[in-house]
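Visitor: I would like to go through a protein model step by step. Could you show it to me, please?

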Amino acid sequence: MSETTPAGWYPAPHADNELRYWDGAAWHAAPAYLPPEAAAAHGAPNPGIPAPAAPQLPPYATGAAYGSPAPGMPPAYPAYPGYPTGPLPPSRPQGLAIAALSVGIAAFIFAWIPFFGFLVAVTGTILGIMALVRRQPKGFALTGTILAGFALIWAGFVSFAIAIAIWSPAGTYNDDYYDSAPQPEASPTVPDIQPNAPESGEGSLDEPLPLPYIGGTSSSPEYSAEARIVDEDATDEVLSWNEYNATGTEGKKYVLVEMAVTGIDPDGIPAAYATYDLSLATPDGAVYPTSFVVAADETTLLADAGTIVEGDTVTGLVAYLVPQDATDLLLSDYQDYYSF
């Protein structure tokens, strides 16, 4: 545009012929809205330059909402309405649910601790139920409730077992109680047992077998035993070992027998087998099994001799409790009689 062109509205060649205002020296961007009287005041374009055609409004654009636009100017469109600005809704509470989950995990860990684990489990269960009732996050609340429930069952079992162990009556051992308590009776005599021995011939009462006695299973021997009577009335000696030995001795006497047991089984056996296999017998055929007694420290009972293997020999005493008037004693294995 020449500086001699009067000021006015012209198609600007540098802006794709957009209608802009020429002030006689420079171009100015067209305002969004210009009243008709303002456009007339700026004058018409140079007669040598064709006047711009008025812009065509689109069919959907009307000026009814905000007034009609100036002639030749594009319509002004209303701004897009903004979102309503107001206070945000409060966040959903979840404190109880998180607490229920945390306490539920702790209860599951500490359930094995008596009483403490039970209290933690009860707390977790209550918190979980409260969180579910108040509709707090279900995942946290339900997980915490389930963990606390399992912990409650286990902790209850542990606490109950410990309580039973603590409060159940239990006897305590002390010397005064032991001395005053009734003592068990000594091994009873069994005069009515009759061995399955032959009535006559070898092994019978009239013809007892000689020692050594060979003991073992039906398929193989395990040991042999020699025996001799050390004292036919050793009651005073046995009672001197321990006062417990006096129980049940009224009208009876102790007989001490010494046994020498030799092992035959290569795998070894307890020497005490002989004390169970051999009993004392009287001429009337009654038998009297071993009597369990407490020995003095310097006395070796065969029952305490331990295990013997093939070729080993141990010697120990065996006590029998028989009637006071018993004489002419024999040994018996309930199959045969043996003489000393």
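Visitor: Which residue does Arg 228 form a salt bridge with?
Guide: In this predicted model, the partner of Arg 228 is Glu 258, and the closest N and O atoms of the pair are 2.8 Å apart.

Visitor: Where in the chain do Arg 228 and Glu 258 sit?
Guide: Arg 228 belongs to strand β5 (residues 221–231), and Glu 258 belongs to strand β6 (residues 252–263). The pair links distant parts of the chain, 30 residues apart.

Visitor: Is Arg 228 exposed or partly exposed?
Guide: Arg 228 counts as partly exposed, because its relative accessibility is 44% and the partly exposed class lies between 20% and 50%. Glu 258 is also partly exposed, with a relative accessible area of 24%.

Visitor: Why can such side chains pair at all?
Guide: Side chains of opposite charge can pair when their charged atoms come close.

Visitor: How many salt bridges does the structure hold?
Guide: The structure holds two salt bridges. One of them joins Glu 18 to Arg 20, with 3.1 Å between the closest N and O atoms. Glu 18 is partly exposed, at 41% relative accessible area, and Arg 20 is partly exposed as well, at 21%.

Visitor: Let us change topic. Which residues form a nonpolar patch on the surface?
Guide: Phe 108, Leu 132, Leu 142, Ile 146 and Phe 150 form a nonpolar patch there, and together they have about 470 Å² of accessible area.

Visitor: Which helix gives the most to the patch?
Guide: Helix α4 (residues 138–167) gives the most, with three residues. Leu 132, in contrast, is placed in helix α3 (residues 116–133). Leu 132 is partly exposed, with a relative accessible area of 32%.

Visitor: What span should α3 have, given its 18 residues?
Guide: At 1.5 Å a residue, α3 should span 26 Å. The C-alpha atoms at its ends are 26 Å apart, so the model agrees with the expected value.

Visitor: Which residues of α3 are buried?
Guide: The buried residues of α3 are Gly 117, Val 120, Ala 121, Gly 124, Thr 125, Leu 127, Gly 128 and Ala 131. Their cover includes α2 (95–110) and α4.

Visitor: What follows α3?
Guide: Arg 135 follows α3, and its phi is positive, near 60 degrees.

Visitor: What sign does phi have in most residues?
Guide: Most residues other than glycine have a negative phi, and most peptide bonds are trans.

Visitor: Which value does phi take in Asp 16?
Guide: Asp 16 has a positive phi of about 55 degrees, although it is not a glycine. Asp 16 lies in the loop between β1 (8–12) and β2 (18–22), and it is exposed, with a relative accessible area of 76%.
Guide: Asp 328 also has a positive phi, near 50 degrees. The place of Asp 328 is the loop between β11 (313–323) and β12 (330–332), and Asp 328 counts as exposed, at 56% relative accessibility.

Visitor: Is the peptide bond from Leu 211 to Pro 212 cis or trans?
Guide: The bond from Leu 211 to Pro 212 is cis, with omega near 10 degrees. Pro 212 lies in the loop between α5 (175–180) and β4 (213–216).

Visitor: Now the interior. Which residues touch the most other members of the largest nonpolar core?
Guide: They are Met 259, Val 261, Leu 280, Leu 302 and Tyr 320, in a core of 26 residues. The elements that give two or more residues to this core are β5, β6 and β11.

Visitor: What is Leu 302 in contact with?
Guide: If its neighbours within four places in sequence are left aside, the contacts of Leu 302 include Met 259, Val 261, Ala 271, Val 314 and Val 318. Apart from the largest core lies another core, of 12 residues, including Ala 234, Ala 296, Leu 317 and Ala 319.

Visitor: Lastly, how many helices and strands does the protein chain have?
Guide: The protein chain has seven helices and 13 strands. Of its 340 residues, 34% count as buried. The accessible surface of the chain comes to about 20700 Å², and 60% of that belongs to carbon and sulfur atoms.

Key. Residues are numbered from 1 along each chain as its sequence is written. This is a predicted model: local features need pLDDT of at least 70, side-chain atom pairs count only at pLDDT 80 or more; totals for chains, interfaces and linings use all residues. Side-chain values use heavy atoms; hydrogens and water are left out. A salt bridge is a side-chain nitrogen of Lys or Arg within 4 Å of a carboxyl oxygen of Asp or Glu. Buried means under 20% relative accessible area, exposed over 50%, partly exposed in between (1.4 Å probe, protein chains only). Helices (H or I, at least four residues) and strands (E, at least two) are DSSP runs, numbered from the N terminus. Patches are made of residues with over 30% relative accessible area and no salt bridge: like charges are joined within 9 Å, nonpolar side chains (Val, Leu, Ile, Met, Phe, Trp, Tyr) within 5 Å. Accessible areas come from the Shrake-Rupley method with a 1.4 Å probe; for residues, only the protein chains shown count as cover. A nonpolar core is a set of buried Ala, Val, Leu, Ile, Met, Phe, Trp, Tyr and Cys residues joined through side-chain atoms within 4.5 Å. Contact means heavy atoms within 4.5 Å. The expected span of a helix is 1.5 Å times one less than its number of residues.
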